[in-house]
Amino acid sequence: MERLRHDDPSRLGPYLTLARLDADSFDGSAVPERRYLARTADGERTVLLCAPLPDAAAPAAWAMEAELASRLSVPRFLRPASQGSEAGLPWYAVPYAPVLPLPAALAAHGGPLPEDLVRRLGAELAAGLAAAHARGQAHAGVSPAAVLIGAAGPLLGCFGAVRSAAPGGPPGLDPGCLAPELRSGGRPEPLGDVFALGAVLAYAASGHTVPEQSELPPGLRRLLASCLARDPADRPSAPQVLHALSTTGPARTPAPAAAPAATVLDEQAPPPLPGRVVAALAAQSSELLASELPAAPPARPAPQKVH
């Protein structure tokens, strides 16, 4: 939870902005959206409120991606509950629950996450991507900042960041998450999401989207190298990534078995988050509860007729 900047909107639709979700210390070019913690003027509803980055996204295309995301029912995808536009700036909102962007989770933890947690997060995200890909839909916005860590597991936001990028403008993604075919102007495809997922898991395990092999846990090196292959044909599919992350033993990328073996996703509860991450989530929630609503902007006077 970070203080608002002077150029942040004080209000979007029915919501008064209280704070930024992303820290000023993070590289702003690596956050695909502006994200705020906000509340209705009556204090009844608190939301995570998202809007496009200035100059990085075409507002109309961004709004279309938000509309598409609101109609998708995909596990682990952040799903807009309402959307609108304020003075030409589109926005969407989802009900608030304490979440940390993946970079903030690593900062709270003091470094890379444990391998078992990286595997679980990766399996959850791969399951969501597999469901989207089965519908012929690429996420096109997977990056560390797009992954929101909460007590109930990860959520994947920033849907369609590549597709909604302004002509000639950056999509607001960490460059390490852009597959080579996207950097050369290709269309977002499911295997581009797999490349980005590999970069996200490399980040979670090492603190870098483009790490040295020696920085990665040995059990993840082979799988992540295959996800990050330059040629899309050499990458595994999202279901194969899910299978490799979910089964016990060293990571590998076999084709799914006819009769799937038991996986970590069969467990009822996710593995516990590191204590410092839990403390950061609790601090965010308590700070938000203690936040006072800003004064509502004064109403504009009604125009007077000139006789």
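These are my notes on confidence, one helix and one sheet in a predicted model.

**Confidence**

I began with pLDDT. The protein chain averages 88. I noted that 86% of the residues score at least 70. Then I looked up the weak stretch. Residues 249-262 stay under 50 in pLDDT. For that stretch the model has 23 contacts beyond four places in sequence. I read those contacts with the low pLDDT in mind.

**Helix α6**

Next I turned to α6, residues 218-227. Which of its residues are buried? I listed Gly-219, Leu-220, Leu-223, Leu-224, Ser-226 and Cys-227. I then looked down the axis of α6: the buried residues fall within an arc of 155°, so they line one face of the helix. The spacing rule fits here: an α-helix has 3.6 residues a turn, so residues three or four places apart point the same way. I checked the other side of α6 as well. Pro-218 and Arg-222 are exposed there.

What covers the buried residues of α6? I found α3 (115-134), α5 (190-206) and α7 (238-246) among the elements that do so.

**Sheet β7-β8-β9**

Last, I traced an open sheet of 3 strands. I wrote down its order as β7-β8-β9, with antiparallel pairing. Which strands are at the edges? They are β7 (100-101) and β9 (153-156), and each pairs on one side only. I followed β8, residues 147-150, along its partner β9. The two pair in the antiparallel sense over 4 bridges. Within this sheet I also noted one facing pair: Gly-150 stands opposite Gly-153 in β9.

Technical notes: Residues are numbered from 1 along each chain as its sequence is written. This is a predicted model: local features need pLDDT of at least 70, side-chain atom pairs count only at pLDDT 80 or more; totals for chains, interfaces and linings use all residues. Side-chain values use heavy atoms; hydrogens and water are left out. Buried means under 20% relative accessible area, exposed over 50%, partly exposed in between (1.4 Å probe, protein chains only). The arc is that of the directions from the helix axis to the C-beta atoms. Contact means heavy atoms within 4.5 Å. pLDDT is the predictor's confidence in each residue, from 0 to 100. Two strands pair if DSSP finds at least two bridges between them.
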